[in-house]
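This report describes the fold of a single model, with attention to its packing, its strand pairing and its principal pocket. The sequence and structure are shown first.

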Amino acid sequence: MPDLVSVNYRKYDGSLHWNLRMRRLGEDDHGVWLGLPGGGVMRKGYGPMVPIACAHVVLLPRDAWWTAAFNAPPRETEIYCDIATPAEWLSSHEVSMVDLDLDVIRKRTDGSTLLDDEDEFAEHQVRYGYPADVIAEAEAAGRWLMEAVDGRAEPFGDASKAWLAMVDGERP
């Protein structure tokens, strides 16, 4: 039986955001790696299940203000980083973090890297009352990720390939 982990992204008010169950693949110097084959599902809050066509792996780094999803081809988005509070392991089978809106994305089609959802980040600073230290950590994570992802610094170079190979082609 696979070692499944409930991955729960929340908003700053504690409400459930994106959530899914993934298989624990292992750990390395970058953090904990989880995987989901193509055909898996996720959901936003308590809404309907959303199918995921392509396999992907998620990296949960230790004590960092981001998570990263690495998607198998032909998905247009190669890497999708959520700027979030550091992952909190509630048990060996459940991890949670607060999504802070900003995302760093690398496109597979042209290799471009972009910072997304700055408008949502600004809006939610007011709506949820983000403290100054949370805003500063999120902005610093965004700057670091833009440089690291664009420059293909590890783990944004080849580190994900072996992990992705473990789930690509599987069926849930």
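In this predicted model, Cys81 touches Thr67, Ala68, Leu102, Asp103, Val104, Leu145, Val149 and Phe156, not counting residues up to four places away in sequence. Cys81 is also among the residues with the most contacts inside the largest nonpolar core, together with Trp33, Val57, Phe70, Leu145 and Phe156. That core has 33 residues. At least two of its residues come from each of strand 6 (56–60), strand 7 (66–71), strand 8 (77–84), strand 10 (94–107), helix 2 (132–150) and helix 3 (159–167). Helix 2 gives the most, with 7 residues. In soluble globular proteins, nonpolar side chains tend to be buried together. A second core, separate from this one, comprises 15 residues, including Val5, Val7, Val95 and Met97.

**Annotated span**

An unreviewed UniProt entry places the feature "domain: DUF402" at residues 14–149. Over residues 14–149, helix accounts for 21% and strand for 51%, and the end C-alpha atoms lie 29 Å apart.

**Strand pairing**

The table lists antiparallel strand pairs and the number of bridges in each.

| Strand pair | Sense | Bridges |
|---|---|---|
| Strand 2 and strand 3 | antiparallel | 5 bridges |
| Strand 3 and strand 6 | antiparallel | 5 bridges |
| Strand 4 and strand 5 | antiparallel | 4 bridges |
| Strand 6 and strand 7 | antiparallel | 4 bridges |
| Strand 7 and strand 8 | antiparallel | 5 bridges |

Strand 3 spans residues 31–36 and is largely enclosed by the rest of the structure, because 6 of its 6 residues are buried, each with under 20% relative accessible area. A hairpin of 2 residues links strand 2 to strand 3, and Gly26 has Trp33 of strand 3 as its bridge partner. Trp33 also stands opposite Leu59 in strand 6. Trp33 thereby appears in both pairings of strand 3 described here, and it is one of the residues with the most contacts inside the largest core.

Strand 6 continues into strand 7 through a hairpin with 5 residues between the strands, where Asp63 takes a positive phi near 55 degrees. Within this pairing, Val58 is bridged to Ala69 in strand 7. Strand 7 is itself mostly covered, with 6 of its 6 residues buried. Trp66, Ala68 and Phe70 point one way from the strand, whereas Thr67, Ala69 and Asn71 point the other way, and all are buried. Another hairpin, through 5 residues, joins strand 7 to strand 8. Here Ala68 stands opposite Cys81 in strand 8, and Ala68 is likewise listed among the contacts of Cys81.

**The strand 4 and strand 5 hairpin**

Strand 4 covers residues 40–44 and strand 5 covers residues 49–52. Met42 has Val50 in strand 5 as its bridge partner. The hairpin has 4 residues between the strands, and Gly45 takes a positive phi near 60 degrees within it.

Is Gly45, in the loop between strand 4 and strand 5, buried or exposed? Gly45 has a relative accessible area of 9%, and it is therefore buried, the limit being under 20%. Leaving aside neighbours within four places in sequence, Gly45 is in contact with Leu16, His17, Trp18 and Asn19. The C-alpha atoms of Gly45 and Ala141 are separated by 25 Å, and these residues are 96 residues apart along the chain.

**The largest pocket**

Which residues lie nearest the centre of the largest pocket? They are Trp18, Met42, Arg75, Tyr80 and Asp82, from a lining of 24 residues. The space in this pocket is about 570 Å³. Two or more lining residues come from each of strand 1 (4–10), strand 2 (16–28), strand 4, strand 6, strand 7, strand 8 and strand 10. Strand 7 gives the most to the lining, with 4 residues.

Several residues and elements recur across these descriptions. Trp18 is a contact of Gly45 and lies among the residues nearest the pocket centre. Met42 is bridged to Val50 and is also among the residues nearest the centre of the pocket. Strand 7 supplies at least two residues of the largest core and also contributes 4 residues to the pocket lining.

Key. Residues numbered from 1 in each chain as written. Predicted model: local features only at pLDDT ≥ 70, side-chain atom pairs only at ≥ 80, totals over all residues. Heavy atoms only, no water. Pairing = 2+ DSSP bridges. UniProt positions renumbered as here; feature names shortened; annotations may be inferred. Core = buried A, V, L, I, M, F, W, Y, C linked by side-chain atoms within 4.5 Å. Buried < 20%, exposed > 50% of the residue type's maximum accessible area, 1.4 Å probe, protein only. Contact = heavy atoms within 4.5 Å. 1 Å grid on protein atoms, 1.4 Å probe; cavity = no way out; pocket = protein on both sides within 12 Å on 5 of 7 lines; lining within 4 Å. Points joined across faces, edges and corners; volume = space filled by probe spheres on them.
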